[in-house]
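Open the model in your viewer and keep the selection tool at hand. Each stop below says what to select next and then what is there.

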Amino acid sequence: MSIKITPSTHPVSAAERVEKLANPGFGKYYTDHMVVAQWTENDGWGQAELKAYAPISLDPAAMVFHYGQEIFEGLKAYRQPDGGIALFRPEANAARFARSARRLALPELPVESFLDSIYALVKQDASWVPDKVGESLYLRPFMFANEVGLGVRPANRALYMLIATPAGAYFNPANAVTVWISTEYVRAAQGGTGEAKCGGNYAASLVAQKAAAKQGCDQVVWIDAKERKWVEEMGGMNLFFVKGSGSNATVITPKLTGTLLPGITRDSILSVAADLGYTVEETMISIDDWRDGVASGEITEIFACGTAAVVSPVGTAKSSMGTWVTGDGTPGVITMQIRNTLLGIQHGTIADTHHWMKKVL
Ligand code: PLP
Ligand code: COI
């Protein structure tokens with residue numbers, strides 16, 4: 001995809017950028033530029049444009065407002081020891097974006113075009129990539145139906161956009177996440193959109209997140225829709241359970257049954273844990289397995305993983321069936337080892353044997 005580049009005439013000053021990067025948060029500040037490309041059924045993808053970050057104008061009857069035809073991705077660019085910048089597994093996000101598009105009846109953006117847009121924006125806004133370990137530039141590609149009309153059918157116009165936000169290392173090692181296992185709400189059922197990264201999945205999850213907060217929990221854990229007993233995910237992250245300890249430990253994650261979001265961090269951790277010498281397993285884990293494993297001490301650590309937070313330890317689980325506590329509220333040894341290995345690969349301080357990192361600059 002050729003990209004027409006029109007640099008912003010009003011980028012934030014270097015001093016202001018430095019101030020923002022000192023405490024980036026997540027989604028608090030946006031870089032100077034964005035990428036936009038329009039698709040129509042008749043003409044396919046038009047000229048992509050990289051231009052100043054700015055609000056967009058949409059017709060009130062744009063279909064996305066009414067029927068929610070929207071998908072997104074999340075990936076990160078990391079500062080490298082030589083001052084350069086590299087992306088973590090961008091092709092995997094490009095592939096998942098195309099799969100999400102198919103599920104939401106949106107046009108597929110070719111993998112090459114997705115990557116071109118990412119590389120172009122990271123190059124343009126390179127000065128926005130923070131340099132502390134755990135910090136990064138979070139890229140948010142998304143696409144939505146912008147055909148004007150109220151007929152319920154796949155839109156014949158869609159807009160692809162890419163924005164970027166500097167992301168802090170929002171990991172607090174002293175705080176394991178407390179989760180509410182939701183038996184009231186369902187995230188995804190077979191045949192639904194659970195495998196796709198579409199805004200609708202998150203909209204449907206918010207009431208459960210609210211219910212979790214009411215129970216004093218930070219996050220929701222989703223169980224399967226059919227048997228209501230298999231552990232699937234935690235909020236916007238995949239889950240891992242560690243059984244045993246030391247070199248005999250087994251690192252387990254719920255199997256992808258078609259209702260879970262196939263996380264790229266999840267997939268990477270399966271490799272990293274195996275590289276570290278652990279037995280890895282993708283299997284079905286029930287809420288009884290969770291309760292009993294914690295009670296017997298067989299489950300020694302639990303953590304969640306995703307692009308945004310990388311790895312977050314999970315401590316207390318609450319549900320209508322009771323409360324179960326794993327560990328002492330501090331991150332487990334294997335959790336931290338996996339987190340530090342993955343972050344080391346991402347920041348270029350640990351050998352990237354899987355060739356995950358893609359150099360931008
Ligand atoms: N599960 C859900 C529902 C998510 O939204 C995310 C976040 O992207 C993940 C899992 C983790 O996926 P990834 O590791 O690709 O970021
Ligand atoms: C993740 O990257 O782990 C996420 O949960 C993405 C989220 C901000 C939607």
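Select ligand 1 and Thr307. In this predicted model, an N or O atom in the side chain of Thr307 is 2.6 Å from an oxygen atom of ligand 1. Add Tyr202 to the selection: a polar atom of its side chain lies 2.4 Å from an oxygen atom of the ligand. Then add Arg96, where the distance between a side-chain N or O atom and an oxygen atom of ligand 1 is 2.8 Å. How much of ligand 1 does the protein bury? Taken alone, ligand 1 exposes 380 Å², and the protein buries 95% of that.

Now show the whole shell around ligand 1. It has 16 residues, and the closest are Lys197, Tyr202, Glu233, Thr265 and Thr307. Colour the shell by class and you should find five nonpolar, seven polar and four charged residues. Which helix and strands each supply at least two residues of this shell? Select strand E13 (237-243), helix H6 (264-275) and strand E16 (299-306) to see them. If you display pockets, the space taken by ligand 1 is the largest pocket.

Move on to ligand 2. Select the residues around ligand 2: Phe26, Phe72, Arg140, Lys197, Gly236, Met237, Gly306, Thr307 and Ala308. By class, this shell consists of four nonpolar, three polar and two charged residues. Lys197 and Thr307 were also named among the closest residues to ligand 1, so keep them labelled. 

Next, show the backbone atoms around ligand 2. A polar backbone atom of Gly236 is 2.7 Å from an oxygen atom of ligand 2. For Ala308, the distance from a polar backbone atom to an oxygen atom of the ligand is 2.8 Å, and for Thr307 it is 3.3 Å. Ligand 2 taken alone exposes 280 Å², of which the protein buries 80%. The space taken by ligand 2 is the largest pocket.

The last stop is away from the ligands in topic: the aromatic rings. How many aromatic pairs does a search of the whole structure find? It finds 10. Select Tyr30 and Tyr53 to look at one pair. Their ring centres are 5.5 Å apart and their planes are at 15°, so the pair is stacked. This pair links distant parts of the chain, with the two residues 23 residues apart. Tyr30 is in the loop between helix H1 (14-22) and strand E2 (33-40), while Tyr53 is in the loop between strand E4 (48-52) and helix H2 (64-67).

Notes:
Residues are numbered from 1 along each chain as its sequence is written. Chains are lettered from A and ligands numbered from 1 in the order in which they are written. This is a predicted model: local features need pLDDT of at least 70, side-chain atom pairs count only at pLDDT 80 or more; totals for chains, interfaces and linings use all residues. Side-chain values use heavy atoms; hydrogens and water are left out. A residue is near a molecule or strand if one of its heavy atoms lies within 4 Å of it. A polar contact is a pair of N or O atoms within 3.5 Å; within protein, one must be able to donate a hydrogen and the other to accept it, and residues adjacent in sequence count only if both atoms are side-chain atoms. Accessible areas come from the Shrake-Rupley method with a 1.4 Å probe; for residues, only the protein chains shown count as cover. On a 1 Å grid over the protein atoms alone, a cavity is a set of points where a 1.4 Å probe fits but cannot get out, and a pocket is an open set with protein on both sides within 12 Å along at least five of seven lines; lining residues have an atom within 4 Å of a point. A molecule sits in a cavity or pocket if more than half of its atoms lie within 2 Å of its grid points. Ala, Val, Leu, Ile, Met, Phe, Trp, Tyr, Cys and Pro count as nonpolar, Asp, Glu, Lys and Arg as charged, and the others, Gly among them, as polar. Helices (H or I, at least four residues) and strands (E, at least two) are DSSP runs, numbered from the N terminus. Rings of Phe, Tyr and Trp (its six-membered ring) pair if their centres lie within 6.5 Å; planes under 30 degrees apart count as stacked, over 60 as edge-to-face and the rest as tilted.
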